[in-house]
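Q: Hey, can you walk me through how some parts of this protein pack together? I'm new to this, so plain words please.

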Amino acid sequence: MQVYEGLDIITNKVSAQEQRICRHHMISFVDPLVTNYTVVDFRNRATALIEDIFARDKIPIVVGGTNYYIESLLWKVLVNTKPQEMGTEKVIDRKVELEKEDGLVLHKRLSQVDPEMAAKLHPHDKRKVARSLQVFEETGISHSEFLHRQHTEEGGGPLGGPLKFSNPCILWLHADQAVLDERLDKRVDDMLAAGLLEELRDFHRRYNQKNVSENSQDYQHGIFQSIGFKEFHEYLITEGKCTLETSNQLLKKGIEALKQVTKRYARKQNRWVKNRFLSRPGPIVPPVYGLEVSDVSKWEESVLEPALEIVQSFIQGHKPTATPIKMPYNEAENKRSYHLCDLCDRIIIGDREWAAHIKSKSHLNQLKKRRRLDSDAVNTIESQSVSPDHNKEPKEKGSPGQNDQELKCSV
């Protein structure tokens with residue numbers, strides 16, 4: 001999100017003073033109204049910068065951020081589609097157009113042209129389904145075929161093609177979850193103190209108010225999908241149009257939502273590091289060195305000094321004293337296997353996700369309900385079944401006339 005102009009506070013851009021100390025790239029150069037800037041665009045521009053820095057005998061440092069974008073710089077994992085025509089007033093993004101259609105319809109269409117990829121994607125994952133359809137429509141080659149070609153290249157593996165640059169090194173700064181959560185909450189409070197609300201109001205007034213009035217706001221593309229903007233949607237569109245009490249409640253709701261989604265995103269990023277970097281299969285995987293940042297008072301000895309030693313060792317071409325983090329990889333695990341849970345009426349993609357689902361509270365609750373219903377059904381059947389005594393004809397107490405007379409008397 002830092003590639004876009006605006007929202008400097010919410011996207012946590014480095015300050016102008018920090019940029020004067022060290023040259024930064026890929027910041028604030030995309031118009032905020034551009035909604036079709038993709039990871040391919042990012043990779044192409046960043047790769048050119050990296051090659052230029054290498055050509056000047058300097059070392060590029062990629063800082064993240066979004067690990068998916070970092071992965072696109074490390075490995076050959078993306079597919080180039082039809083080049084966009086520059087100079088036209090508006091470039092039509094086929095993927096964005098496809099995303100406007102129904103997800104199930106898109107998935108059915110993908111299953112017809114690329115059944116292998118369709119089997120790996122959840123029908124509700126509209127973005128990925130649309131991307132696979134875009135690849136086929138613009139190249140005439142299925143997305144799965146492109147990926148097969150990448151995987152079979154020399155140095156490729158199950159998750160993508162070979163490394164793009166030789167001798168890379170990954171430094172992963174990590175902290176205890178409780179410490180990280182507290183730090184992220186404080187970060188939100190600091191952003192509010194730095195003028196976050198005024199930044200959001202200004203951006204909403206300049207770029208989003210017209211879209212809201214036309215009911216055409218889009219929080220799924222471009223800078224509008226930034227964490228911290230859509231969470232304040234209700235507050236921004238009702239400010240000045242409702243009571244002060246209601247406005248304060250919506251503001252509080254937005255702040256709490258921002259804190260929750262920030263912590264959720266941090267967890268997602270950590271899972272990405274573990275699944276895509278630490279346990280990445282394949283012949284050539286860069287070493288990942290962990291740096292513990294829970295106690296910032298030990299920054300020098302726990303982070304800075306070890307990081308400098310690791311980088312210096314790589315520059316000099318010898319092995320660092322620090323040991324990279326290792327995580328076992330289960331070669332039998334299929335990250336794209338298809339599972340259908342009849343109980344929950346859900347499609348689950350991936351062996352690990354399936355194992356987690358069948359242990360989840362929601363699945364176990366559905367299982368209890370099913371067992372309870374089955375038990376009730378069995379009891380009902382048993383109560384309705386005919387016992388041996390019921391098969392016997394009732395004994396007559398007398399003649400029909402006598403029985404009729406007794407019935408009348410009892411009435």
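A: Sure. One term to start with: contact means heavy atoms within 4.5 Å. Also keep in mind that this is a predicted model.

Q: Ok, so which residues of α5 meet α7?
A: On the α5 side they are Gly-103, Leu-106, His-107, Arg-109, Leu-110 and Val-113. On the α7 side you have Lys-126, Val-129, Ser-132, Leu-133, Phe-136 and Glu-137.

Q: And how do the residues of that contact of α5 with α7 divide?
A: Six are nonpolar, three are polar and three are charged.

Q: What about the angle between α5 and α7?
A: Helix α5 covers residues 103-113 and helix α7 covers residues 126-139. They pack at about 40°, and their axes are 9 Å apart. That angle makes α5 oblique to α7. The crossing of the two is left-handed.

Q: Now α2 and α3: at roughly what angle do they cross?
A: Roughly 50°, with the axes coming within 9 Å. So α2 is oblique to α3. Their crossing is right-handed.

Q: Who makes the contact there?
A: From α2 it's Val-39, Phe-42, Arg-43, Ala-46, Thr-47 and Ile-50. From α3 it's Tyr-68, Tyr-69, Ser-72 and Leu-73. Sorted by type, the residues of this contact are seven nonpolar, two polar and one charged.

Q: Switching topic: how many aromatic pairs are there in the whole structure?
A: A search finds eight. One of them is Tyr-68 with Tyr-69: the ring centres are 6.2 Å apart and the planes sit at 85°, so the pair is edge-to-face.

Q: Why is that called edge-to-face?
A: Because the planes are at 85°, and over 60 degrees counts as edge-to-face.

Q: Are those two tyrosines buried or exposed?
A: In between. Tyr-68 is partly exposed at 37% relative accessible area, and Tyr-69 is partly exposed as well, at 24%.

Q: Which residues do ring pairs link into a cluster?
A: Phe-42, Tyr-68, Tyr-69 and Trp-272. You've already met Phe-42, Tyr-68 and Tyr-69 in the contact of α2 and α3.

Q: What about Tyr-289 and Phe-314?
A: Their ring centres are 6.2 Å apart and the planes are at 90°, so this pair is edge-to-face. Tyr-289 lies in strand β2 (residues 288-292) and Phe-314 in helix α13 (residues 299-316), so the pair ties together parts that are 25 residues apart in sequence.

Q: And are they buried or exposed?
A: Tyr-289 is buried, with 5% relative accessibility. Phe-314 is buried too, with a relative accessible area of 16%.

Conventions
Residues are numbered from 1 along each chain as its sequence is written. This is a predicted model: local features need pLDDT of at least 70, side-chain atom pairs count only at pLDDT 80 or more; totals for chains, interfaces and linings use all residues. Side-chain values use heavy atoms; hydrogens and water are left out. Axes are lines fitted to C-alpha atoms, for helices over the stretch in contact, and angles run from 0 to 180 degrees between N-to-C directions. Helices (H or I, at least four residues) and strands (E, at least two) are DSSP runs, numbered from the N terminus. Angles under 35 degrees count as roughly parallel, over 145 as roughly antiparallel, 65 to 115 as roughly perpendicular and the rest as oblique. A crossing is left-handed if the near helix is turned anticlockwise from the far one by less than a right angle, and right-handed if clockwise. Ala, Val, Leu, Ile, Met, Phe, Trp, Tyr, Cys and Pro count as nonpolar, Asp, Glu, Lys and Arg as charged, and the others, Gly among them, as polar. Rings of Phe, Tyr and Trp (its six-membered ring) pair if their centres lie within 6.5 Å; planes under 30 degrees apart count as stacked, over 60 as edge-to-face and the rest as tilted. Buried means under 20% relative accessible area, exposed over 50%, partly exposed in between (1.4 Å probe, protein chains only).
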